[in-house]
Protein chains: 2
Amino acid sequence: MDHEERRHQIAEAVVRIAATRGLPAASMREVAAEAGVSLRLVQYYFHTKQELLAAVLTHLGAQLSARVRRAIQALGEPATPRARLYATLTTLLPADEESRRIVLAYTAHFTLTLTDPDQAAKGVSHANGLRDLVTGQFAQARVSGDPATRAAVTLALLSGLQMSVLAGQHTGEQAEALLTAHLDELFRQR
Amino acid sequence: MDHEERRHQIAEAVVRIAATRGLPAASMREVAAEAGVSLRLVQYYFHTKQELLAAVLTHLGAQLSARVRRAIQALGEPATPRARLYATLTTLLPADEESRRIVLAYTAHFTLTLTDPDQAAKGVSHANGLRDLVTGQFAQARVSGDPATRAAVTLALLSGLQMSVLAGQHTGEQAEALLTAHLDELFRQR
DNA sequence: ACGGCGTTGATACGCCCGTATCATCAAAGG
DNA sequence: CCTTTGATGATACGGGCGTATCAACGCCGT
């Protein structure tokens, strides 16, 4: 079987477990069972658990990036910078079941990196990439104020809304409404 | 020794471990060592680990509430609703070492409750209390728009800023500046 | 045809976890 | 004074963890 496909399959198993029973429940044995493979296989593709978790974090980052890319492309070619900005941000809200899984697993993992100095740098690198992307989008959309500041605030808001949706305080629709209302206000001040 | 004081002492040990080495490192033995007591004592005051963690969550909620209360009282008596609102929110940012410890431990714990249906309700109850408080403050301060909506957005922003500070993306001062700038805009629209 | 090597599986090992057990101790009440 | 009860300590136990070991298997080039 293809090497990369196997790794994806196992990483997906970790994500499923983390999103349903929590990351602590994702032991090597549980992951193997969830992926439908033997424990030895998991060890074969990921020599240690740290390596597995690092791969999962990368996997999640790639999934999120892919979602953003797809959302932007779905806009069609003559898309305004503003539309691209909205699409980028709303796609990252845990609205459907898939994005909920991804964001939940990502959050759980990210929280762990907060107290693990070795992986802390890796944890924020994805966030920085998103920050740069959104900063550029703010600049292109010519909103008022400093694009970097706008991006920082909006991404913090996004992060908080993600948490609130995961915690069940808001539905995905409510969070999207709050987010777009925030953006609308920014554009109203142009 | 006093019963409540012992429980506080042990809960504080959990917080210290969670904030430095992560919540997974907070085993019963590690907690006992950090608190300078025997393992048996931890078991005596908290019959099971679940009970200990639940008490820690309550402890953290109380600490945060106390900080908010203190910050408001420090304003002196003739304080405007707006000043109270600013004080409430900025105190919850992980600026000093103590609040960083509290917020970090709280976040780690909160993340766990996301995939633990039994404790999920308990996890959001504190958040709801804060939401109600801030909603009332927005209403008193007579900002434009629906107070509940303003509170929801602002708290999501606060939550996201907390995360970004913990992750090292922003300093406490930067986060405070972003937060107050957000509030200033709301008040500018009055 | 076959030998070698990348791949898979079953099982073992040592460690640390949460929890339980048993003994000791201090102080208060009859 | 003695006993009883709550508090503390030392140690044991079963289980699940990450990891390592060793055997069996399949495929592919020569």
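Okay, let's start with helix 8 and helix 9 of chain B, where B:Arg150, B:Thr154, B:Leu157, B:Leu158, B:Leu161, B:Ser164 and B:Val165 from helix 8 meet B:Gly172, B:Ala175, B:Leu178, B:Leu179, B:His182 and B:Leu186 from helix 9. By "meet" I mean that the C-beta atoms, placed from the backbone, lie within 7 Å. Helices here are DSSP runs of H or I with at least four residues, strands are runs of E with at least two, and both are numbered from the N terminus.

Before I go on, this is a predicted model: local features need pLDDT of at least 70, side-chain atom pairs count only at pLDDT 80 or more, and totals for chains, interfaces and linings use all residues. Residues are numbered from 1 along each chain as its sequence is written, while chains are lettered from A and ligands numbered from 1 in the order in which they are written.

Back to our pair. Helix 8 and helix 9 of chain B have axes 9 Å apart and pack at an angle of about 165°. The axes are lines fitted to C-alpha atoms, for helices over the stretch in contact, and the angles run from 0 to 180 degrees between N-to-C directions. Helix 8 and helix 9 of chain B are therefore roughly antiparallel; angles over 145 degrees get that word, under 35 is roughly parallel, 65 to 115 roughly perpendicular, and the rest oblique. By class, this contact has 8 nonpolar, 4 polar and 1 charged residues. For those classes, Ala, Val, Leu, Ile, Met, Phe, Trp, Tyr, Cys and Pro are nonpolar, Asp, Glu, Lys and Arg are charged, and the others, Gly among them, are polar.

Now, how do the helix 8 copies of chain A and chain B cross? Their axes come within 7 Å, at roughly 100°. Helix 8 of chain A and helix 8 of chain B are therefore roughly perpendicular to each other. Among the residues that meet there are A:Val153, A:Leu157 and A:Gly160 on one side, and B:Val153, B:Leu155 and B:Gly160 on the other. That contact has 13 nonpolar, 6 polar and no charged residues.

Let's zoom out to the whole contact between the chains. It takes 33 residues from chain B and 32 from chain A. On the chain B side, helix 6 (97–113), helix 7 (117–141), helix 8 (147–166) and helix 9 (172–188) each supply at least two residues. Helix 8 gives the largest share of that side, 12 residues. The side splits into 19 nonpolar, 12 polar and 2 charged. And 97% of the interface residues of chain B are also interface residues in chain A, so the copies meet through the same surface.

What turn lays chain B on chain A? A turn of 180°, with a shift of 0.0 Å along the axis and an RMSD of 0.0 Å. The two copies are thus related as by a two-fold rotation axis. The superposition is by least squares on C-alpha atoms of residues with pLDDT of at least 70 in both.

Last, the DNA. Around strand C there are 16 residues, the closest being A:Ser38, A:Arg40, B:Ser27, B:Met28 and B:Thr48. "Near" means a C-beta atom, placed from the backbone, within 6 Å. Helix 3 of chain A gives the most to that surface, 4 residues. Strand D also has 16 residues around it, with A:Ser27, A:Met28, A:Lys49, B:Ser38 and B:Arg40 coming nearest. Here the largest share, 4 residues, comes from helix 3 of chain B.

Key
Two residues are in contact if their C-beta atoms, placed from the backbone, lie within 7 Å.
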